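Me: I am new to this structure. Please take me through one part of it closely, and then show me what surrounds that part.

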Amino acid sequence: EREALVCGDRRLTYAQVEERANRLANHLTSVGVGPGDFVGCYLTNGTEYLETMLAAFKLRAVPININYRYVADELRYLFAAAGLSAVVCEQQFAANVAEVIAQVPSVRQVLVVADDSGDPAPELAAGSLPGGTDYDSALAAASADRPVVNGRSDDDLYVIYTGGTTGMPKGVLWRQHDIFLSSMGGRPFGSDQPHTSYEELADKARAGAGAMSMLMIPPFMHGAAQWAAYNAITMGGRLVIPDDVEKLRAGDVLRLAERERVLTIPVVGDAVARPLVEEIEKGDYDLSG
């Protein structure tokens, strides 16, 4: 019953996140997504991003980060290079997806998440796409039971696509075991010793009592944000996600940190650090949390 994700008016416990991710995983199974398939995450920050990643991991599928600033050529290259089987996108990106998948036949399912863009409603956007489905409708219709998938391996993949600053985006492949130990909580933060069992990991998460409360500014399409988020999850912590994902409004972010009593704010470079520092210096915020 501990709170896991907070975003706008949505507050989800670990049990609710588990149920939503199970439903998404079962829906993806129903359309043929399984072990080794790549599932695109074409989303800004929100609970759906982590739900999609978790659902893919449950199936031994591979979530793929898609930079929502990409133009058509970059999207087309990434979709084809990854051989995406499914894409979860916000309705504001549905037209981009429609343009790209006309030339990428591997994509057989597109789930459309509602947003505030004013673009066609998710049902309409989904209806214009091959295999298009409204995200919330898909979850509502799917089973909440945790899918049973055999054959898990340390060699199952975790993939991050680079930003493509030296050319087209490149997929960097990790063994899940390696990325889990190095960056996603398999080795307790600040320790040289990895967890020795899932039972030990669960015990430490329970003992943490939700202490690791994190306000997430960087986009989940960035590796640093994913790694920070999974460290928090592994420790049984809580992730708070700002409403406005398009622009960093330092005052709003700090009021959110104040209200939610977060413990930490991950910083990715000066683009995050400088506005926060400048606002802290001129403002009056209770950051004692």
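Reply: What follows starts at strand 1 and works outward from there.

The model is predicted. Strand 1 covers residues 3–7. It is mostly covered, with four of its five residues buried.

Take its partners in turn. Strand 2, residues 10–13, pairs with strand 1 in the antiparallel sense. Four bridges join the two. One of the bridge partners is easy to find: Glu3 is matched with Thr13 in strand 2. Together the two strands form a hairpin, with two residues between them. Gly8 sits in that turn and has a positive phi of about 60°.

Strand 11, residues 238–241, also joins strand 1. Here the strands run parallel, and there are three bridges. Look at Val6, whose bridge partner in strand 11 is Val240.

As for side chains, in a regular strand they alternate between the two faces of the sheet.

Now move to helix 10, residues 250–260. Its buried residues are Ala250, Gly251, Val253, Leu254, Leu256, Ala257 and Glu260. Strand 1 is part of what covers them. So are strand 2 and strand 11, and the cover also includes strand 10 (213–215) and helix 11 (270–282). Just after helix 10 comes Arg261, with a positive phi near 55°.

Next, the nonpolar cores. The largest has 69 residues. Within it, Tyr42, Phe79 and Leu84 touch the most other members. Helix 2, residues 47–58, gives this core its largest share, six residues. Another core lies apart from it, with 13 residues. Among them are Leu215, Ala250, Leu256 and Ala257. Three of those names are familiar: Ala250, Leu256 and Ala257 are buried residues of helix 10.

Tyr42 deserves a second look. Beyond its neighbours within four places in sequence, Tyr42 is in contact with residues including Ile66, Tyr68, Leu75, Val87, Cys89, Phe93 and Val97.

Val97 leads to helix 4, residues 94–101. The buried residues there are Ala94, Val97, Val100 and Ile101. Down the helix axis they fall within an arc of 125°, so they line one face of helix 4. The spacing fits a general rule: an α-helix has 3.6 residues a turn, so residues three or four places apart point the same way.

Last, return to helix 2. Its axis comes within 12 Å of the axis of helix 9, residues 223–234. The two cross at roughly 75°, which makes helix 2 roughly perpendicular to helix 9. Tyr49, Leu50, Met53, Leu54 and Phe57 are the helix 2 residues that meet helix 9. On the helix 9 side are Gln226, Ala229 and Tyr230.

Definitions and conventions: Residues numbered from 1 in each chain as written. Predicted model: local features only at pLDDT ≥ 70, side-chain atom pairs only at ≥ 80, totals over all residues. Heavy atoms only, no water. Buried < 20%, exposed > 50% of the residue type's maximum accessible area, 1.4 Å probe, protein only. Arc of directions from axis to C-beta. Core = buried A, V, L, I, M, F, W, Y, C linked by side-chain atoms within 4.5 Å. Contact = heavy atoms within 4.5 Å. Pairing = 2+ DSSP bridges. Axes fitted to C-alpha atoms, helices over the stretch in contact; angles between N-to-C directions. Parallel < 35°, antiparallel > 145°, perpendicular 65-115°, else oblique.
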